[in-house]
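Q: I have a new model open and would like to learn how to read it. Could you take me from the overall shape down to single residues?

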Amino acid sequence: EEAIRLGVKYNPTLEIAFEEIQDLEWQLIRAKRKWYPTFRVDGGSLFTGYTWSTFVENNYAQGPVTRAIKGDTTPNTVQRKSKNYNTRASARIDWDFLDLTRQPDINAAEDRLRRQKLLFNRSARSLILAIQQNYFSIQSSAQLIDNFNQIYAINKQQLRILSERRSIGMTTVLDVEQTKSQLFAQLNEVVSYTQQYITQTGQLAKNLALKPGQLAIPIEKAKPQGVWTRSLGQTIDEALQQREEIFAEIAAAEAAEWSGIAALRQYLPVFSLQASGNLSKRNGYQNILVNENPNKNISDRQGWDATIGIGFKWNVFDGGISAATAESQFARSRKLLATASKSKLQITEEVQSSYGAMETAKIGIKSAEQAYRSAEIAQEAARARFDVGVGDIVSVVQAINLLSSAAIQKSQATLTYNNSIAKLYRYSANWPMKSQKDVNLRIKTNDQTTQR
């Protein structure tokens with residue numbers, strides 16, 4: 001329970017899933033804000049400032065001879081200048097009060113958000129299952145290490161006795177070497193299970209998001225954890241009614257269908273209320289001769305205008321692009337619905353498999369425990385018979401091998417049972433222990449962090 005609490009609280013997997021929800025929430029807000037009007041203010045290429053210009057005209061058609069005959073004294077070159085201080089601004093308001101693509105876009109965004117919220121729960125359930133499986137695997141490895149350490153100690157004592165007997169000729173080299181071989185084989189088993197134990201503790205530390213260098217070690221010894229009280233039929237019904245994967249696929253299918261509807265409605269006209277206004281102000285002189293005094297020609301001009309009315313835009317034909325996009329979305333929707341149906345079959349298979357493993361593991365635990373007790377008695381009897389000279393070393397070796405096999409079977413049966421219970425919680429979409437409270441607390445914490 002403590003391991004689950006730590007994993008749910010600190011593992012970044014849920015942070016990633018939560019931020020994906022935030023992303024889709026803002027996408028939904030963006031879609032809804034299409035109902036709002038738009039307002040734009042534009043200062044033009046130059047909002048306020050000075051402009052200068054000079055104009056030069058050469059009248060080549062008026063030569064000196066012509067002017068002499070007609071008495072024209074106009075110079076051949078005319079030079080004019082301008083200088084103004086200008087201020088320009090415009091504003092525009094548009095409101096698409098009739099846009100039939102808007103609501104389908106909102107519906108699609110809502111369905112995508114609903115899907116992601118379902119997938120957040122799926123991520124939380126998968127994380128909890130991974131933590132439980134890591135935890136039980138570590139317990140199993142620790143149990144095997146303890147058992148094989150005990151068997152190794154028995155073999156080591158047996159080897160010491162045989163070595164002493166060998167020194168006085170009461171046993172053979174074969175007996176000693178056979179016991180040595182078995183001793184080193186069991187030592188290798190202990191080393192292997194120790195390596196496995198270290199790897200598993202590292203995996204659990206990763207799932208709990210512990211600091212570098214820290215490992216997580218269960219304080220409990222391996223034993224059957226929990227009891228599943230529901231029947232197979234009830235478990236399957238719960239799974240089909242509650243599994244997020246099914247409803248996530250359905251939500252995605254509905255989002256794709258709404259996107260297809262929005263694409264088809266691209267061919268419908270959009271009506272909008274439009275209003276605009278323009279303001280201009282100019283102070284200065286305009287188009288006077290270069291040698292004129294500009295102070296006598298300075299003027300101040302102001303102007304403004306406004307328009308309001310209803311406009312529309314109509315994408316009558318786009319080559320069939322929007323129609324093809326719609327059909328693509330409809331096909332994707334049908335595929336996702338088929339995937340949801342397939343998920344039901346997979347979920348049923350997962351529940352049946354886990355339920356069957358749990359039932360067989362119950363029997364396996366009892367059988368393995370009895371086998372282990374019998375193997376312990378058998379190896380003690382074989383060693384006693386060998387000590388008094390009525391047994392041989394082969395019987396001792398076989399009895400210890402049976403004890404080793406029984407220890408593995410006992411550990412494996414317990415691990416299978418615990419994993420099956422954890423999988424049944426996961427596959428039926430039920431929260432084990434107090435994990436739902438932990439997940440809700442994580443969501444609340446993330447919400448508060450986002451608001452700040």
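A: Gladly! Keep in mind that this is a predicted model. Let us begin with the whole chain and then zoom in.

Q: What does the secondary structure of the protein chain come to?

A: Here there are 10 helices and five strands.

Q: How does the radius of gyration of the protein chain stand against that of a compact globule of 452 residues?

A: The idea is to set the value beside what a globule of that length would give. A compact globule of 452 residues would come out near 22 Å, but this protein chain has 43 Å. The spans of the C-alpha trace along its principal axes, about 155 × 55 × 40 Å, add to that picture.

Q: Which share of the contacts with a separation of 6 or more joins residues 24 or more positions apart?

A: That share is 86% in this protein chain. As for burial, 37% of the 452 residues are buried.

Q: And what can I say about the surface and the charges?

A: The accessible surface comes to about 26400 Å², and carbon and sulfur atoms hold 55% of that area. For charges, compare the mean positions of the two signs: the 56 positive and 44 negative charges have mean positions 6 Å apart.

Q: Now a single helix, please. Which residues of helix α6 are buried?

A: The general idea first: an α-helix has 3.6 residues a turn, so residues three or four places apart point the same way. In α6, which runs over residues 232-242, the buried ones are T235, I236, E238 and A239. Viewed down the axis of α6, these buried residues fall within an arc of 160°, so they line one face of the helix. Their cover includes α8 (321-387) and α9 (393-427).

Q: Let us stay with α8. Why does R383 count as buried?

A: The test is a cut-off: buried means under 20% relative accessible area. R383, which lies in helix α8, has 17% relative accessibility and therefore counts as buried. Leaving aside residues up to four places away in sequence, R383 touches I154, Q157, Q158 and V396.

Q: How would A142 be classed by relative accessibility?

A: A142 sits in helix α4, residues 102-167. Its relative accessibility is 25%, so A142 counts as partly exposed.

Q: How far apart are the C-alpha atoms of A142 and Y197?

A: Here you compare distance along the chain with distance in space. A142 and Y197 are 55 residues apart along the chain, while 6.9 Å separates their C-alpha atoms.

Terms used: Residues are numbered from 1 along each chain as its sequence is written. This is a predicted model: local features need pLDDT of at least 70, side-chain atom pairs count only at pLDDT 80 or more; totals for chains, interfaces and linings use all residues. Side-chain values use heavy atoms; hydrogens and water are left out. Helices (H or I, at least four residues) and strands (E, at least two) are DSSP runs, numbered from the N terminus. The radius of gyration is taken over C-alpha atoms; the globule rule is 2.2 Å times the number of residues to the power 0.38. Buried means under 20% relative accessible area, exposed over 50%, partly exposed in between (1.4 Å probe, protein chains only). Contact means heavy atoms within 4.5 Å. Accessible areas come from the Shrake-Rupley method with a 1.4 Å probe; for residues, only the protein chains shown count as cover. Lys and Arg count as positive and Asp and Glu as negative; His and the chain ends are not counted. The place of a charge is taken as NZ of Lys, CZ of Arg, CG of Asp or CD of Glu. The arc is that of the directions from the helix axis to the C-beta atoms.
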